[in-house]
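Biologist: I should like to learn how enclosed space and backbone angles are read from a model. Could you take me through one example?

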Amino acid sequence: MNSLSPTQYNDIKQSALDKPQLDYDDIAPLLLQHQQNPLFQFTQLGQSALGTPIWQIDIGHGPVKILAWSQMHGNESTATAALMDLLNFIAAEPQKNWRDNWLSKVSIRLIPMVNPDGAAAGSRFNSMGIDINRDAKALQSPEGRILMQAAKDFKPDFGLNLHDQNRFYAVGDTNKQATISLLAPAFNEEKDIDEARKKAMQLIGDMRDLLQAELPGYLAKYNDTFSWRSFGDTFAGMGISTVLIESGGHPRDDNRQVARKLNAQLLVMSVESIGSGAYQQQPLSAYQAIPFNRDGGIKDVLIRNLGISVNGNKANIDLAVELDTGSDQGRVRDIGDLSVFGAYHQYDASGLQYQAPKAYALSKALTLDNAAYIALLRQGYSHFSGDAKLLVNSSDFPVVINPKGLSTATPQRHRLATFLLRNEKGVQLALLNGQLLDLNRAALLYPFGS
C-alpha cells in the first residue's frame, strides 16, 4: 500500500498551512483552486451560524463510501491541513495510476472545517457557544445539522472523525507523547462490538502497522467511554464503521506538523485498505494491543532534582512547568517525585538550589542588554517592579514586570514560574516565566516556540 514517502509528501504539502491555528481564509484559496479540477465535485452544504460556507468534496464513484470531516472543534486544525494535503496528493499527476486503482472502488466525501466560526475565534465551540461534537442528538447548531444531514444523505460505510487532543497525553505507561491516538468509538455503554465496529477496529489495525513503521512508540488509543451525545459514537450507532483520529504533540513540533504528515499518510492508506478490503485481514488483537492514552503523562518542562529547604528540612524535588504560548507565561504545575512523567523539555538541576524571586525596583530609566541583564540576575533579581515604561529590554531574554502570584520561600503550584537556581558559586540559571536561562552560556535553553 502507498505509505506516502517523504519525497511524495514534501511535493504535496501546503507550506502555508504550517501554523498553529487555521481558519477559513487559510483554506479558501486552496478550495477554490481544487474546484477547477474535474476529479472533485464541490457542494456547499450550508453555512455556519455567522455565514461562512461549509463545503463537501466528493471524489470517486465506487460502492464503498468513506466520510471524513475535520475541525468540528474550531481550535483543532491539524487534520484540516492534512485534508488539503490529501487533495493535492489525489490531484497530482504522478499519482494517476494509484488514483485510477481506487476511483471505481470507493467514494470519498470530505468536509473540511465543520466549524469555521470557532476556527476564526480559535475556540473549541461555535459562535453560539455550542460544542458541535456534543450536539449529535439535540442538533441545535447549524453546523451539527449540516454534518448529520450529510451523513444521512451519503450513508457512508466508514467515517473518519478528525480531531486534535491536548499535548499532555502520554502513550500508556511510557514517557512518550501520544502523537496520534486512535479509537473505534462505542455505540453503547456496554462497548459491544458489532460488525461495523469490528471493521473500524480492523482498519485501525492497518493504521497501527503504518504508524509502527513511521513513528514507533508514539501511538495510543483514545478513551473508549461511550459518549451518547457525540457524533463519533452516534455514527457508530448508525452502523457506520467510525474511526477517531486524534492528533497530538511531538517534541520540537509546536505546529503539529508531525501529526499532520501522519494524518495524510493514514488517509491515503485508509483509501487503499478500504478499497481493496485489506483491512479485513487484521485480527482484533492488533487494535486491542494499542495502549490507552495517559492523561497528564507529559509535561511542558521538567526540572529534575532541584534542591529546596524549609525550616532546616531539605529535599531534592522535581518541578513541572506548564507553558502558555499564547500569553508567554509559565506556571508551576506540579512538585515532588515526577519521575513517572515525560516532558517536551527537561533539565537536571542536580547541585542547584531554589532561590526565591526578588524584584528590582524601577526608579529611573533602565536599558537592558544581555550583559546588564545577566549582571542583575547574578545579584539575585529575577523580575522588575514599578513603571514598566522605564524599562527598555534590548536583550535576547524575556523580562518579568510586576508579576502577580510569585512563589516565596519555596516553589508553589499554580504560581508563576519565575525564580533563580544557584549553587555555592552563585546564581547559575534563571527561570523567567517558565523559560530557563543559562547565565553562563547567555542562552535560553528552550525559548517559547522551540
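Modeller: The turns below treat the cavities and then two backbone angles of this predicted model.

Biologist: How is empty space found, and how many cavities of 30 Å³ or more does the structure hold?

Modeller: Rolling a probe the size of a water molecule over the atoms shows where empty space is left. Here, two cavities of 30 Å³ or more are present. The largest has a volume of about 40 Å³, and the second largest contains about 30 Å³.

Biologist: Which residues line the largest cavity?

Modeller: Its lining consists of Ile66, Ala68, Leu86, Ile108, Leu110, Leu160, Leu267 and Val271. Strand S3 (64-70), strand S4 (106-111) and helix H9 (257-276) each give two or more residues to this lining. By class, the lining residues are eight nonpolar, no polar and no charged.

Biologist: What lines the second largest cavity?

Modeller: The second largest cavity is bordered by Thr179, Ile180, Leu211, Leu215, Tyr218, Leu219 and Leu262. Six of these residues are nonpolar, one is polar and none is charged.

Biologist: Turning to the backbone, where is Lys155 found, and is Lys155 buried or exposed?

Modeller: Lys155 lies in the loop between helix H6 (142-154) and strand S5 (158-164). Its phi is near 55 degrees, a positive value in a residue other than glycine. Lys155 has 59% relative accessibility and therefore counts as exposed, the cut-off being over 50%.

Biologist: What is the phi of Arg252, and where is Arg252 placed?

Modeller: Arg252, although not a glycine, has a positive phi of about 55 degrees. Arg252 sits in the loop between strand S9 (241-247) and H9. Because its relative accessibility is 70%, Arg252 counts as exposed.

Methods
Residues are numbered from 1 along each chain as its sequence is written. This is a predicted model: local features need pLDDT of at least 70, side-chain atom pairs count only at pLDDT 80 or more; totals for chains, interfaces and linings use all residues. Side-chain values use heavy atoms; hydrogens and water are left out. On a 1 Å grid over the protein atoms alone, a cavity is a set of points where a 1.4 Å probe fits but cannot get out, and a pocket is an open set with protein on both sides within 12 Å along at least five of seven lines; lining residues have an atom within 4 Å of a point. Grid points are joined across faces, edges and corners, and a volume is the space filled by probe spheres set on the points. Helices (H or I, at least four residues) and strands (E, at least two) are DSSP runs, numbered from the N terminus. Ala, Val, Leu, Ile, Met, Phe, Trp, Tyr, Cys and Pro count as nonpolar, Asp, Glu, Lys and Arg as charged, and the others, Gly among them, as polar. Buried means under 20% relative accessible area, exposed over 50%, partly exposed in between (1.4 Å probe, protein chains only).
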